[in-house]
Amino acid sequence: MFDMMQPGEPTDPDHLDDAEPLEDYEAFERLADIIQLTQQAAPVVPRDPKREARELDAVPPGVPLAIMVDQLNVDAVTGHEQVAVLRAHQRQASHHQAQVYRAMAAIAATMETEFDDPESQVHAATAEIRTALRLTRRGAETELHMALELVRRVPQVLDALDAGVIDNRRARAIVHGTTHLNDDTAQQVTDAIIDDAPRLTTGQLVARLRKLAITVDPHHATKRYRHAVEQRAIRTQTTEAGTMGIFATDLAPDLAAAAMAHLNHAAMALKRHGDSRTMDQLRADVFIDLINGTHTQCTTTNRGGIHLSADLETLTRLAEHPGELAGYGPVIADIARQVTEHQTNTQWTYTITDPDTGMLIDAGTTRRRPNAAQRRWVKARDPNCVFPGCRMPAVNCDLDHITPHTHGGATSTENLAPACRHDHTTHTTLGWTYHRLPNGDYQWTTKLGWTHTTTGNTTPSQPP
């Protein structure tokens with residue numbers, strides 16, 4: 001029906017910017033007439049906001065969904081249905097963001113026909129985008145780069161964004177996580193992650209991308225890692241409040257994790273002795289004392305605990321599969337082997353898994369005094385907090401009773417799972433529940449009745 005409009009009318013792109021805001025309603029009146037004619041031809045059905053909200057998940061992004069959510073009063077539905085409305089708006093926003101990127105790429109393609117010099121092409125496209133969207137030059141360059149990566153390098157990510165399957169945050173995570181790879185490897189990694197991307201948080205997605213990049217090309221990953229470590233440095237930065245930050249960059253992840261474990265343990269020890277400072281304040285003060293050599297804040301020799309998981313083939317140098325450092329994510333095979341081969345002052349625990357099945361083969365410790373067998377087994381089985389999207393290392397988590405002890409839940413490996421203090425509270429006080437699935441995943445049910453499944457490890461066959 002829109003084909004009836006003639007060029008030169010307000011719907012013509014050449015004339016859109018000429019229309020006076022809030023004064024030229026001709027195009028909108030024409031659209032309203034079309035909608036009114038459609039409504040007159042259709043039988044009148046009483047509005048049922050709750051029913052409409054329940055149907056939203058089945059509607060793909062586009063004009064129908066836009067009309068539905070625009071006319072639906074979110075305050076007129078239940079809390080459970082409000083979540084469906086939220087997700088519908090996010091799908092629609094993702095769909096429109098994909099069109100923004102396609103428009104940017106189209107502008108870049110137009111400039112390639114106008115200029116022969118690649119630098120001039122980018123400059124001209126950036127200038128158009130920058131002024132049209134009131135962006136800084138750097139911001140326009142960043143957005144154009146994102147658009148071109150999506151359109152020309154990983155179009156399957158753009159298609160997923162267009163379909164509302166993923167949002168812009170996940171699209172950016174995939175683009176940034178594959179930028180350093182050649183085109184063929186980037187396609188391989190993207191194909192392997194795109195189906196799982198919708199159910200992963202950006203933190204989980206970034207970690208999975210790192211693992212895939214290491215798995216697909218371990219030699220490139222090792223070379224890139226070693227080059228980055230060579231660039232390690234300490235920098236300071238002042239703030240507007242007159243304070244200063246100290247930043248250590250490109251550190252070896254095992255050493256950085258060990259340092260953070262030491263700070264955490266020292267801060268928790270001080271807290272247990274009645275110190276009134278927050279944990280962040282304690283960590284910062286212990287850090288400064290250690291750097292300055294005063295040691296007034298930390299007298300303990302226990303440096304906390306860290307967990308690493310690796311498969312047997314990697315540890316025996318028959319493969320270069322990535323290990324998994326709790327709280328950080330995938331690490332190259334060299335790091336996994338160094339942790340299990342060398343003693344340190346930090347209490348490292350490690351998990352050895354079967355490379356084919358992922359089954360737990362052994363859970364060990366590099367210290368003489370390991371945790372109780374039950375605690376060790378649960379934290380080896382689940383190296384991170386089991387709340388959806390949380391990546392807090394299990395060594396820093398509580399052991400939570402899946403079925404609360406007050407409700408008859410047993411203190412057994414099958415009824416225990418690591419949960420950080422924040423998410424432990426979500427379970428015990430906010431009405432969330434969860435249970436462990438046969439494949440090692442955890443299914444949580446929210447207060448409003450939505451279910452979310454987290455990715456776990458395969459259940460050990462012989463728990464203590």
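This report covers a nonpolar core, an aromatic cluster, a set of paired strands and several backbone details in a predicted model.

**The nonpolar core**

The largest nonpolar core holds 36 residues. Tyr101, Leu150, Val157, Ile174 and Leu205 have the most contacts inside it. Seven helices are listed as suppliers of at least two residues each: α5, α6 (118–132), α7 (137–153), α8 (155–162), α9 (168–178), α10 (183–193) and α11 (202–216). In soluble globular proteins, nonpolar side chains tend to be buried together.

Tyrosine 101 sits in helix α5, which spans residues 79–114. Its relative accessibility is 0%, so tyrosine 101 counts as buried. Leaving out residues up to four places away in sequence, tyrosine 101 touches Glu143, Met146, Ala147, Leu150, Val151, Leu158, Leu161, Asn168 and Arg172. One of these, leucine 158, is 57 residues away along the chain, and the two C-alpha atoms are separated by 8.4 Å. Another partner is polar: the side chains of tyrosine 101 and asparagine 168 make a polar contact at 2.9 Å.

Leucine 205 is also among the core residues with the most contacts. With residues up to four places away left out, leucine 205 touches Arg170, Ala173, Ile174, Ile193, Ala197 and Leu200. Ile174 is itself on the list of core residues with the most contacts.

**Strands β10, β11 and β12**

Strand β11 (residues 442–445) pairs with two other strands, β10 and β12. With β10 (residues 433–436), β11 runs antiparallel through 4 bridges. Histidine 435 has glutamine 443 of β11 as its bridge partner. With β12 (residues 451–454), β11 again runs antiparallel through 4 bridges. Here tyrosine 442 has threonine 454 of β12 as its bridge partner.

Each hairpin has a glycine with positive phi. Between β10 and β11 there are 5 residues, and glycine 440 takes a positive phi near 95 degrees. Between β11 and β12 there are 5 residues, and glycine 449 takes a positive phi near 95 degrees.

Which side chains of β11 are buried, and which are not? The side chains alternate along the strand. Tyr442 and Trp444 point to one face and are buried. Gln443 and Thr445 point to the other face and are not buried.

**The aromatic cluster**

The structure holds 5 aromatic pairs. Two of them involve phenylalanine 387.

In the pair with tryptophan 432, the ring centres are 5.2 Å apart and the planes meet at 40 degrees, so the pair is tilted. This pair links distant parts of the chain, 45 residues apart. Phenylalanine 387 lies in the loop between α17 (373–381) and β8 (398–401), and tryptophan 432 in the loop between α18 (421–429) and β10.

In the pair with tryptophan 444, the ring centres of phenylalanine 387 and tryptophan 444 are 4.9 Å apart, and their planes stand at 70 degrees, so this pair is edge-to-face. Tryptophan 444 belongs to strand β11 and phenylalanine 387 to the loop between α17 and β8, so the pair ties together parts 57 residues apart in sequence.

Both partners in this second pair are buried. Phenylalanine 387 has 14% relative accessibility, so it counts as buried. Tryptophan 444 is buried as well, with a relative accessible area of 0%.

One aromatic cluster is formed by Phe387, Trp432, Tyr434, Tyr442 and Trp444. Its members Tyr442 and Trp444 share a face of β11.

**Positive phi outside the hairpins**

Three further residues with positive phi are tabulated here.

| Residue | Phi | Location |
|---|---|---|
| Arginine 134 | about 55 degrees | loop between α6 and α7 |
| Aspartate 250 | near 55 degrees | loop between β2 (244–249) and α13 |
| Glycine 274 | about 95 degrees | just after α13 |

Arginine 134 is not a glycine. Its relative accessibility is 71%, so arginine 134 counts as exposed. Aspartate 250 is likewise a residue other than glycine. Aspartate 250 is partly exposed, with a relative accessible area of 39%.

**Helices α12 and α13**

Helix α13 (residues 253–272) has 20 residues. From first C-alpha to last, α13 reaches 28 Å, close to the expected 28 Å at 1.5 Å a residue.

Threonine 222 lies in helix α12, residues 218–230. Is threonine 222 buried or exposed? At 12% relative accessibility, threonine 222 counts as buried. Not counting residues up to four places away in sequence, threonine 222 touches Ile332 and Asp334.

Notes:
Residues numbered from 1 in each chain as written. Predicted model: local features only at pLDDT ≥ 70, side-chain atom pairs only at ≥ 80, totals over all residues. Heavy atoms only, no water. Expected span 1.5 Å × (residues − 1). Buried < 20%, exposed > 50% of the residue type's maximum accessible area, 1.4 Å probe, protein only. Contact = heavy atoms within 4.5 Å. Polar contact = N/O pair within 3.5 Å; in protein donor to acceptor, adjacent residues only side chain to side chain. Pairing = 2+ DSSP bridges. Core = buried A, V, L, I, M, F, W, Y, C linked by side-chain atoms within 4.5 Å. Phe/Tyr/Trp six-rings, centres within 6.5 Å; stacked < 30°, edge-to-face > 60°.
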